[in-house]
Each structure stands twice: as structure tokens, then as C-alpha cells.
Amino acid sequence: MQQTSSSEGLLKLIQGISLFREFTPHEAQAVLRIAKSKKFSARQIIYEFGDPSTEMFILAKGALIVQSEKGVNIAQVAPGDPVGEIGVMTDALRSARVISAEESVGLVIPKKDLLNLLKKIQKI
């Protein structure tokens, strides 16, 4: 039962992201199949300004801080929020540094897998 609750929670997490909002439950499950859980310790750099956008991240638990190139905090990321999705879809380099404010866990979705999935289900 724990597995089902966890799966349902992750499915809701995926469906709450604007990129996936119009997905059917079956399509959202396909996103979960390509996603990998990743844990970050407090103050760990997740993305660095100027790096290639090779994946997106959806925060499930914890908190992230978005910083400008000069290290100024410009935003906070709460559970349920994605980071990196715009760069993945546009091929842009990372426009900010993202660090974990505390121990954080989320889903990493590789760009290549996501684009293949979107083409397969004709969402792009």
C-alpha cells in the first residue's frame, strides 16, 4: 500500500507541472518511468550558471534556492516546482545556479528521454 500511495503522490507531482498538465494518467506514468529519484544534501549545487541543460528536476521534498550569476538569491523553489524545464525545451544554457537550501529529494528527467517521450506521445 505504501508503494501505491507513493506512486500516486509522484503521479500528482508530475501532473502538477505545467509542461505535463494536459497529460493523461497513462502519459504521466510514462514520465515517471523515465524519471530517476535524486537526493541532494544541504547547500549542494544542483545546476550551475552556463552549464548545458541536459535534464530537468522536479522538487518533491526540501527547498532549493535560485541564484544569479553573481550569487544573489533571486527565487526559492518549493516542493512541486520544476527547475530546468525551460532550458531543456529551448536548448538554452542554464540561466542561474540552483542549490539545495536543505536536504532535498526530487525527480530528474533527462532531456533526451523527455524529448523522445514527447515525440512518441505527440506532445511536441
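Where does Arg43 lie? Arg43 sits in the loop that runs between strand E1 (36-40) and strand E2 (45-47). Keep in mind that what you're looking at is a predicted model.

**Two loop residues with positive phi**

Arg43 is worth a look for its backbone: phi is positive, about 65°, even though the residue is not a glycine. Further along the chain there's Asp91, found in the loop between helix H3 (85-90) and strand E7 (97-100). Asp91 isn't a glycine either, and its phi is positive too, near 70°.

Are these residues buried or exposed? Arg43 counts as exposed because its relative accessibility is 70%, and exposed means over 50%. Asp91 has a relative accessible area of 56%, so it's exposed as well.

**A buried serine**

Now for Ser104, which belongs to strand E8 (residues 104-110). Its relative accessible area is 0%, so Ser104 is buried; the cut-off for buried is under 20%.

What does the side chain of Ser104 have as polar partners? Here are two backbone atoms, each paired with a polar atom of that side chain:

| Backbone atom | Distance to a polar atom of the Ser104 side chain |
|---|---|
| Nitrogen of Ala63 | 3.2 Å |
| Oxygen of Glu102 | 2.8 Å |

Which residues does Ser104 touch, if you skip those up to four places away in sequence? The list has Lys38, Lys39 and Phe40, then Leu59, and finally Lys61, Gly62, Ala63 and Leu64. Ala63 turns up here as a contact, and its backbone nitrogen is the one in the table at 3.2 Å.

Notes
Residues are numbered from 1 along each chain as its sequence is written. This is a predicted model: local features need pLDDT of at least 70, side-chain atom pairs count only at pLDDT 80 or more; totals for chains, interfaces and linings use all residues. Side-chain values use heavy atoms; hydrogens and water are left out. Helices (H or I, at least four residues) and strands (E, at least two) are DSSP runs, numbered from the N terminus. Buried means under 20% relative accessible area, exposed over 50%, partly exposed in between (1.4 Å probe, protein chains only). A polar contact is a pair of N or O atoms within 3.5 Å; within protein, one must be able to donate a hydrogen and the other to accept it, and residues adjacent in sequence count only if both atoms are side-chain atoms. Contact means heavy atoms within 4.5 Å.
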